[in-house]
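Before you read further, please have the sequence and the coordinates open side by side. The points below are meant as a careful first orientation for someone who has not looked at this entry before.

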Amino acid sequence: MHGTTAVVAAPVPADAVPARGPAARRALRALLAVASGLVLAAAFPPYGAWWLAPVAVAMLAVATRGCRARTGALLGALHGAAFFVPLLHWTGIYVGPFPWLLLAAAQTAFPAAMGAVSPSVWRRPALAPALVGGLWVLQEALRSRIPFGGFPWGRLAFSQEDAPTLRLASLGGAPLVTFAVALAGGLLALAVVSLPARRRTAALLAAAVAVLAAGAAVPLPSPSGREVTVAVVQGNVPRMGLDFNAQRRAVLDNHVAATRDLARRVRAGEVAGPDLVVWPENSSDIDPLAEPDARAEIDAVTREIGVPVLVGAVLDGPGAKLSNAGIVWDPRTGPGERYVKQHPVPFAEYVPFRSLARRVSDKVDLVRRDFVAGDHPGVLRVGPATVGDVICFEVAYDGLVRQTVTGGAGLLVVQTNNATFGYSPESAQQLAMVRLRAVEHGRPAVMASTSGVSATVTHTGRVTAETRLFTRGVLVETMRLGAGRTLATSTGSGPELLLAGLAAAGILAGALVHRRREHA
């Protein structure tokens, strides 16, 4: 430990980016910033090269070293645009490029702000890697909360589904995973600017590798609850795109037919009988509590399968609004407990500033009625299991998932509908989040999608079964329910507040010292 500290504290070259002349230096900085965004995008599905995430962090850190705040902001914006434009391209598949690019631009504001303060982390090189790590946590914390409740897609942690760092989620959740990745990137950056000193560079590279590998040594608590057999039904949709639910009865019929076929296979002894069945979000866009035909269909198939079914349904009300809900449907007593999505997606499930948004895209008028936000966690009793239900993009929000576990859930369930994103990597990116959540809370998890990907995941984040896109499929898996709490579950947002706060304090202290020296 003392040896590493001495190495990190060693002096580094004055020039941030070696280049001949100011113009060449500016061009090289810009090239590094753009390349860092593209490299980071490749760390996420469909490419999944997780080890590129710290490399991207290092490239941006080197690019911003030694520049002014204004230049750093520009470099951060270049990085953000190069990252978010390809990462989020699926958001524009059916609505056109303008909303997609507008979302990417909004997200780019956060790495731009990070870039503005990034040069200051180099005032004390010994602390630079840790401050780089904290800055990334801070940037992601803000992006996950503002505006309109935030949009956490693309956090560093969500690129680590197959990495040793994934296990760190059980200690400090997604923020700790992000910190480890960015810390390794900071060490790589310091190694780059220390290149003339070979021993120092080698030690820094070894330290970066050690940070990334450390997660492999983290023990994961084994679930200690009872075993349950879960069936995940993917009924598929008549067509992909924004009008996937134009044939709403067909979507419901597809899920009924797939469940009925499962019941036949159970009677034939081909598959184990499930203890509970999970349908995806929007599996019944016809309100089964208001429409007798839809209710009769679900009643009949739940009686046939003989176990409770968690139905994803769109409900009329309250008032003129709609509710995106998960309903526990019992084969004897019918509809019971329900969860209403707490975080409707702005401009997709409700439209803020509708008249203004219409000038951007007339597609907002496809959202004819706004969805209401639910007011309680998705803790539901489904047969022998207490499940923690979150709907679609809610899996990206730390607190929404955690509150189901603190509420007693032993199984995590993500009900989602990916039909509006075609054959894009959106589903794979979402599944990466499910895998992290399973590790974070020591719970097995399932993701149920109308059109794919649906999957079952162990508490270690391993995918045990998975469907293909736009095919009908049923997964049947026996899982042991989680019990107790991981350190991440117990501490909640504590690690995020600590890491982000330390970064902010370190940068502020460095700025004050720098100002005093200038005025001395």
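1. I begin with Thr-108, which, leaving aside its neighbours within four places in sequence, is in contact with Ala-77, Gly-80, Ala-81 and Phe-84. Please keep in mind throughout that this is a predicted model.

2. Thr-108 belongs to helix H5, which runs over residues 97-117, and its side chain reaches the backbone oxygen of Ala-104 at 2.8 Å. Is Thr-108 buried or exposed? Its relative accessibility is 9%, and because buried means under 20%, Thr-108 counts as buried.

3. Leu-28, found in helix H2 (residues 22-41), has a relative accessibility of 29% and therefore counts as partly exposed. Leu-28 and Asp-375 lie 347 residues apart in sequence, and their C-alpha atoms are 50 Å apart in space.

4. Helix H9 (residues 248-267) allows a check of its length, because 20 residues at 1.5 Å a residue should span 28 Å, and the 29 Å between its end C-alpha atoms agrees with that expectation. Its buried residues are Val-251, Leu-252, His-255, Val-256, Ala-258, Thr-259, Leu-262 and Ala-263. These residues cover an arc of only 160° around the axis, which means that they sit on the same side of H9. As background, an α-helix has 3.6 residues a turn, so residues three or four places apart point the same way.

5. What covers the buried residues of H9 includes strand E1 (227-234), helix H10 (292-305) and strand E12 (473-480). Just after H9, the backbone at Gly-269 takes a positive phi of about 75°.

6. Turning to the interior, the largest nonpolar core has 114 residues, and of these Trp-136, Val-230 and Leu-276 touch the most other members. Which helix gives the most to this core? That helix is H7 (residues 169-193), which contributes 15 residues.

7. Leu-276 merits a separate look: not counting residues up to four places away in sequence, Leu-276 touches Val-228, Thr-229, Val-230, Ala-231, Val-307, Pro-308, Val-382, Ala-385, Val-387 and Leu-411. Beside the largest core there is a second, separate core of 25 residues, and its members include Ala-258, Ile-298, Val-311 and Val-340. Ala-258 has already appeared above, among the buried residues of H9.

Technical notes
Residues numbered from 1 in each chain as written. Predicted model: local features only at pLDDT ≥ 70, side-chain atom pairs only at ≥ 80, totals over all residues. Heavy atoms only, no water. Helix = DSSP H or I, 4+ residues; strand = E, 2+ residues; numbered from the N terminus. Expected span 1.5 Å × (residues − 1). Buried < 20%, exposed > 50% of the residue type's maximum accessible area, 1.4 Å probe, protein only. Arc of directions from axis to C-beta. Contact = heavy atoms within 4.5 Å. Core = buried A, V, L, I, M, F, W, Y, C linked by side-chain atoms within 4.5 Å. Polar contact = N/O pair within 3.5 Å; in protein donor to acceptor, adjacent residues only side chain to side chain.
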